Amino acid sequence: MAETEKYDRADREILAAMGKPGRLYLLVLAFTVTLVASGFLCWYHQYRVGLGVAGYTHPVNWAVYITNFVFWVGIAHSGTLISAVLYLFRARFRTSFNRPAEAMTVFALMVAGLFPLIHLGRPWVFYYLFPYPNQRQLWVNFRSPLIWDVFAVGTYFTVSVVFFYVGLIPDLAIVRRCKEGIRKTIYSVLSLGWEGTRRQWRHYNMLYLFLAAFATPLVASVHSVVSWDFAMSILPGWHTTIFAPYFVAGAIFSGTAMVITLVVPMRKILVLDRYITDDHFESIAKILLFTSLIVSYAYVVETGLAWYGGNVFEIELFRYRAWGHYKALFWTMITCNSLVPLTLFARRLRRNIAYLFCVSLLVNVGMWVERFVIIVSSLARDFDPYVWDTQMYRPTFVEVGITLGSFGMFFTLYLIFLKTLPVLSITEIKEHL
Amino acid sequence: MAKPMIFHEKEEFLKTLRRLVREGVAKERIRVITPFSVAEVEEILPRMPSHVQVFALAGAASGTVGGFAFTILSTLSWPLIVGGKPIVSIPPFIIIAFALTILFGALSTFLGFLLLSRLPSIRRIRSVEEYGNAFVITVEPEEAK
Amino acid sequence: MERNLKKPAILLAVSGYFGVFLLITVALGFSWYRGGQAPDQPIAFPHTIHVSKLSLPCNFCHIYVDRSRHAGAPALETCMSCHRAIATEREEIRKLTRHYEEKRPVLWIRVYSLPEHVYFSHKRHVKAGVDCSECHGMVGAMKKIRRVGSLEMGWCVSCHRAKGAPRDCATCHK
Amino acid sequence: MKRRDFLRIVGVLTGSTLISSCGSGNGSKKFISSILPPEEGIIPGEAIFSPSTCTECPAGCGLSVTLREGWPIKLEGAPGHPVNDGGLCIRGQSSLTRLYHPKRIANPMLRNGGGKFQGISWEKAISLVSESLADSRGSGRKNLYLSGRTTGSLSALTGMVCRKLAVERLPEFEVYSHSAVKEANGLLFGQREVPHYRIENADFLLTVGADILETHISPVSCTRKLSRARGRGEIRWFHVEPHLSLTGANADKRFAVLPGREAVLLSYMLRHILDRGPRRPGLPPEVANALQRLSAESASEGTGIPVGGLQEIRDAIANARRPLVIAGGVSTAHPEGLEVAAMAGMIQWVTGEIPGLVDFARGENYGGVGTFRDMEDLSGRLGKGEVGVLFLSRTNPVFSLPKAYSFRENLGKAKLSVGMGDLLDETMQEANLVLPLSHSLESWGDAEPRRGVVSLVKPVLNPLHDTLSEGDILLRLMGKGSGEGSPTGYREYLFDAWGRKYGKKGRDEFLKRGYVEESFPAKRVFLDGRKAASLLEGMKSSAGELGRPVLVLAPSLRTYDGRGRGLPLLSEIPDPLTTISYGRFLSVSPGTAKESGLKDREEVTVSSADWSEVLPVKVQPGLQDGVYQVFRDFVASPPLRTEKRTGGAVEYIDGARLVKSGKMAAVPILSGSSSQQGRGLIPDPAHKGEKHHHGRVSLYPEHGHEEYRWAMVIDLALCNGCSACVAACHIENNVPVVGKKDHLKGREMSWLRIEPFYGDAGDVEFLPMLCQHCHAAPCETVCPVYAAYHNPEGLNVQVYNRCVGTRYCSNNCPYKVRRFNWFWHRWEKPLNRMQNPDLETRGVGVMEKCTFCIQRIRAAKDRGKDEGRKVRDGEVTTACAQSCPTGAIVFGNLLDADSRVSRLAGSDRAYRVFEALGTDPSVYYLHGKTRGSGS
């Protein structure tokens, strides 16, 4: 048959996803939206009454909110990794993941960005955190890692959005073609009147290359900065030089897991097996395995440092992590992040999508717990024994609600994405058809 | 304007394109539309590379400079000692400068792209002749130039 | 027909969006204007006469201005020391006299008030040679006292910058 | 606006409204012109100080009350006062919260038919009382007047009124009446009095059970004298006690004696002193012979103190030039208490330190105070129904007396019981008629805590509620009773009383100064050999043994005998030894805990013959096995026996049994670890010689300070953990009281805390921890908005209004001294009056911490500027340093080379906590001498 028909088929099959939403879709959407709503209510309660409604037990001043922040920023990373880094490496399997991955990046960052504000004691003056000329003639303290966050995450978000959008332009042009009425208008506007002329393609390729080039250092930098929120402090368990690489690896690890978690059901429901093959999954599973090994290595190293360094504070802390109030979580973390992924050495398991899916879920859990353990346990055992926590920190319904809300928000956004934008980058797929 | 030739096979389209070039049709007069970026086209009709990188460089540079200027000046405008560190402590400022480099770089590259490729174009947003997934060649008449 | 429904809808949405901002700006502007307004005092005390005509020094009545952080309002005794004799027939002076005789303090309406977290000392500023008018404006020319400075942080700071006064936060923040 | 109305009233009186006029504080929208210009010296926005006397316990410490805008906002010890000389204890500091207590009784109340209280007017109340006085006189019932310890003019007035109205004045009731000591002194020297001990002149002090730092007679006075002497290194101090008290924890050496066996110890000491050859005036032979002879072994057998320990004490006394022995507290509150007190007396006699160290001339005025037996009798008379009107003033027998007395029941049998007090305590709730008393800050009066020391009680504000002072009530009663109509008020009464006593000029001096001190010739006393001998004879057949395990009821540092229980601040501040803030607990020894598998917070039922209580357990290092310990105020009407000879209560419950209830109680134990975990917060005295100033290596150029670098030195050898500083800080800085729920989450707000760290021997050292105002502060760098920064005077400033509440600063503070406002903290009216207008009250979501009392620094600099000079050393001090009874805290300018601070900071005892972290703190600690525990 004629090539064009192949292409048309691809268009049809991929755009099929954007058809009328089915009952299942609506149900899931309704569910996630309710999560968001309840999360918002919890936050409002906290806003009115004060941060005390959360379960903080001094000296544990940071807990679930910061955990979520780190977790979501982490999730964002693999998006950039897949779309930018793999682009530069010309990895073939990238094309089948990059669109959902990029979408994930953007949404994860939207969610992550909320948490620094949620965890503020006085959210109503959040704007103090932004450097803008004001009548008070005050600026921010650029020495504070929290301000680095503002810049790093802000930049990351902007760049990811641009990258995501640029990738979409030619596809939007295709959508424009198949839509009618107001939708057509909208998509034509979004596609900026893309034609596919030679000139456009030339500049487009160049732009895409440069964006990829710009985004790649972000993969390393953003989570390093996030890790410095902790590493720059003097707290035993936080103040370690290995935190930056350790966190970046962790971020990609968790992000990759999340990609799998999202793409497996997507491929099943939207029948995209032709475009997302098991080989693709296998190669991404390899990334998962690799990063898992790095993370496990980091666990060993930080414990080793504490033990070999002979610093009483560090030693006590790591003893406490493994055998103290939070030991259950610590061992969950080890199991999910270090032990379970080892099974992926077996090729059969790598290619077993169902199994891969389960592993990815476990890794998601494990990585969330990892952040929690790092943050909470270190705070609970610092220098002055008098202030060691007298009883365990437990999140309250507010924190739980807001956390669930954040997941709700993420998936809501993702579901909307499925119905409004092409879920795979069609043009790129065509190139390789 | 001239009637476009529409092809359904990439090879066939490329053949025609080569032929046209051989026949000595001025490159400027050949207008090509493809459903996706086709590397061969560039080989057949070579052109000096895109200028997008200029924008990238300019943006990035301004980001770096701006980043340092901003942090240093704002701290000097109200010097406050924190943690016994000097007012102008470069190491942390590097991080800010770096972030801004990437940010400005990316944005200005994007703007550059829009400028160079004449996007967004209102006319085409209004109406654009769609060729679906076909490869199209239009040869503009001499007097067009 | 769907179209012609959507168009006005969009129009409405857009105009509403900007409308809100417009309203907020107007409201802010108005409140600011009100802030600058001169309130009606229980006794219409004319600074014009006392300051310009009689050219009384400020600390003739605000006796604490160079001794305390507060300038202090004159005790009615002080007013009466003159007004037992002067202009006794005037309505406002009668009011004053009534207050004095019934031992009811006069509750003036505050024109300059600082938030709780600010430490401000009249004494220090006066001793540093800051003229009253620099913050309170040409009181002598005001029939009713009007707030001239915004009393916002930036307002204080710019003067401190200009005069090289300390800019340590703890100077003013309690 | 409430406050405005009040000010208007006061304003009319004094013109002090002007103080509040134009107050930049609380952004008030009104601006007041008062009627008259204020009196001379009153400057708006400036603090005024007024002398007064603390009435929280019988000690009668002198106060200097800080007034702002017409309201008392802070109490400080009056410098130079003969009792406390500037110091003030935790209870005294909290006295303000009694004045402003939201639950204070606002007006007289009468119990109606339904047993409910309903308000009545004073006229009604007074006439009701005098009527029932009259007709019970008619019906041959007795009218009785019972009060807490009363001295000075009030005592005189009470006497007069009682005579006039034919009311029988009962001996005053105090839980700690020192009856054994009085009895013993009566017996030996014919002086039924508690003498004044001149600790400052002794070179060796042996305290037997007397908790001189907590509640014993005059704690602040004792603490001050003792710590001055210790500061000069002129005194050694041993302490002997059956349980563990804060006092014991602070002695140079502490010996745990078997409960009730102190007499054996002392007789051994006395014997030894006699054998050491004659000291003037020696003992009459019959006494000497009566004194039993004990070998060190048998003495050790009898007392449970190892032989070595005994010899150590023995030699210490024998070798001391001016040894002083003080027996009291729980050691004199058991069946052999009289002997213990007598032995102490005889040792004092033998060592010839009467009247040198033991001064009967200026006794502690406990003459009028009765005993538990008196109360038993009273209860009996009530039971017989022979009592008409019973006045109960400033006393809470229903709570304090043993159940066996069945005082509560019998109280109902009185025709009319009239309760006088400020809070509705157990006794007041039982009374038929409640007459609210004004706080000492609202009323005139005086006190004579020690013979010849008269201290002024002077009102600083109009009564907040419809209350009267006890004096006024009495005068009104007299007026009604004697039909001559109400005479002049108590104020007038006092003024001419003082006038008569000191003359016009003397009175004004008294009113200005706040106290007078008369001098007496030393009183010679002589030992009555016969009585002493017979006492010793009786002792041979000692019946002092208490059946163990024994439960000791210890006096409470925070609430004295329980009278402070009503005050929220006193429960907010943890007990220094256990760091438990809210709720009751039972202390058990580590040994007991181990063998019966008890953990902290575990609930047990502690019971004796006919009594039981459920209490959570706290394992108390240093407590000896076989002894349990609770504070007196944890147990309502405890099952105490009365001691036959002294009439005092036996503060022990012997044969106490523990039964686990298996439940865990929610007890806020604030300390996360009772040991330092070898982290050297308080360096081990073993390497005291070491230099503690590590050279600091920094990548950055140092930043300097021009005029001032404020710094603090805390002498751990002097600090005894009494927590007065914590209370002072709370009140000075508007630090909120957050309550038990938040304490359980570790969310206490106190800017200053006392950290007790126990050694393996059960010895404890206290580390006051507050913001260290680091030169290179970790908290500052991490604040995104400069809310925390280092100011040119070396203060680590927190700008509350800039704080967004990331809590990063607290995370990064190695000392964890930053406090976060998790909620809006509100001061229940009228407690909000107590707020210091020089500080903003922090809202929700803001981080706060110690500021080195920046408002005081600001004021001092302001004065300095006016006089065109720098702030002098000692001119400005922090609230904690000011109220510290031991003078352990010194504050000043480190740049001034000859300021006390910089001299002490240079001493080789000086070190800083976690110096290795390179935070370079401005708080220096002088590490303590080793305090071993003998047992």
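The exercises below work through sheets, a buried residue and two interfaces in a predicted model.

Residues are numbered from 1 along each chain as its sequence is written, and chains are lettered from A in the order in which they are written. Local features need pLDDT of at least 70, side-chain atom pairs count only at pLDDT 80 or more, totals for chains, interfaces and linings use all residues, and side-chain values use heavy atoms, without hydrogens and water.

**Exercise 1. Which strands stand at the edges of the 7-strand sheet of chain D, and why?**

Step 1. Set the terms. Helices (H or I, at least four residues) and strands (E, at least two) are DSSP runs, numbered from the N terminus. Two strands pair if DSSP finds at least two bridges between them.

Step 2. Write the order. In chain D it is S6-S5-S17-S16-S15-S7-S8, an open sheet with mixed pairing.

Step 3. Read the ends. S6 (117-119) and S8 (168-169) of chain D each have a single partner strand, so one side of each lacks a neighbour in the sheet.

Step 4. Check one pair inside. S15 (residues 387-393) and S16 (residues 416-421) of chain D run parallel over 5 bridges. D:Leu392 of the model sits opposite D:Gly419 in S16(D).

Step 5. Add the helix. H14 (residues 372-384) of chain D packs on this sheet and touches S7 (142-147), S8 and S15 of chain D. Contact means heavy atoms within 4.5 Å. The direction of H14 makes about 145 degrees with that of S7(D). Axes are lines fitted to C-alpha atoms, for helices over the stretch in contact, with angles from 0 to 180 degrees between N-to-C directions.

**Exercise 2. Which way do the side chains of S2 in chain B point?**

Step 1. Recall the rule. Side chains in a regular strand alternate between the two faces of the sheet.

Step 2. Apply it to S2 (residues 30-33) of chain B. B:Ile30 and B:Val32 point one way, B:Arg31 and B:Ile33 the other. All are buried, that is, under 20% relative accessible area (1.4 Å probe, protein chains only).

Step 3. Find the partner strand. S2(B) pairs with S3 (residues 135-139) of chain B in the antiparallel sense over 4 bridges. B:Ile30 has B:Val139 as its bridge partner in S3(B).

**Exercise 3. Is D:Asn734 buried or exposed?**

Step 1. Locate D:Asn734. It is in the loop between H23 (724-732) and H24 (740-744) of chain D.

Step 2. Read the accessibility. D:Asn734 counts as buried because its relative accessibility is 3%.

Step 3. List neighbours. Beyond four places in sequence, D:Asn734 has contacts including D:Trp827, D:Met834 and D:Asn836. A polar atom of the D:Asn734 side chain lies 2.7 Å from the backbone nitrogen of D:Asn836.

**Exercise 4. How many salt bridges link chain A and chain D, and how many link chain C and chain B?**

Step 1. Fix the rule. A salt bridge is a side-chain nitrogen of Lys or Arg within 4 Å of a carboxyl oxygen of Asp or Glu.

Step 2. Count. Chain A and chain D have 2. Chain C and chain B have 0. D:Lys816 forms one with A:Asp382, with the closest N and O atoms 2.8 Å apart.

Step 3. Add the areas. Buried area is the accessible area (1.4 Å probe) that two parts lose on being put together, summed over both. Chain A and chain D bury about 4500 Å², 56% from carbon and sulfur atoms. Chain C and chain B bury about 380 Å², 61% of it on carbon and sulfur atoms.

Technical notes: Buried means under 20% relative accessible area, exposed over 50%, partly exposed in between (1.4 Å probe, protein chains only). A polar contact is a pair of N or O atoms within 3.5 Å; within protein, one must be able to donate a hydrogen and the other to accept it, and residues adjacent in sequence count only if both atoms are side-chain atoms.
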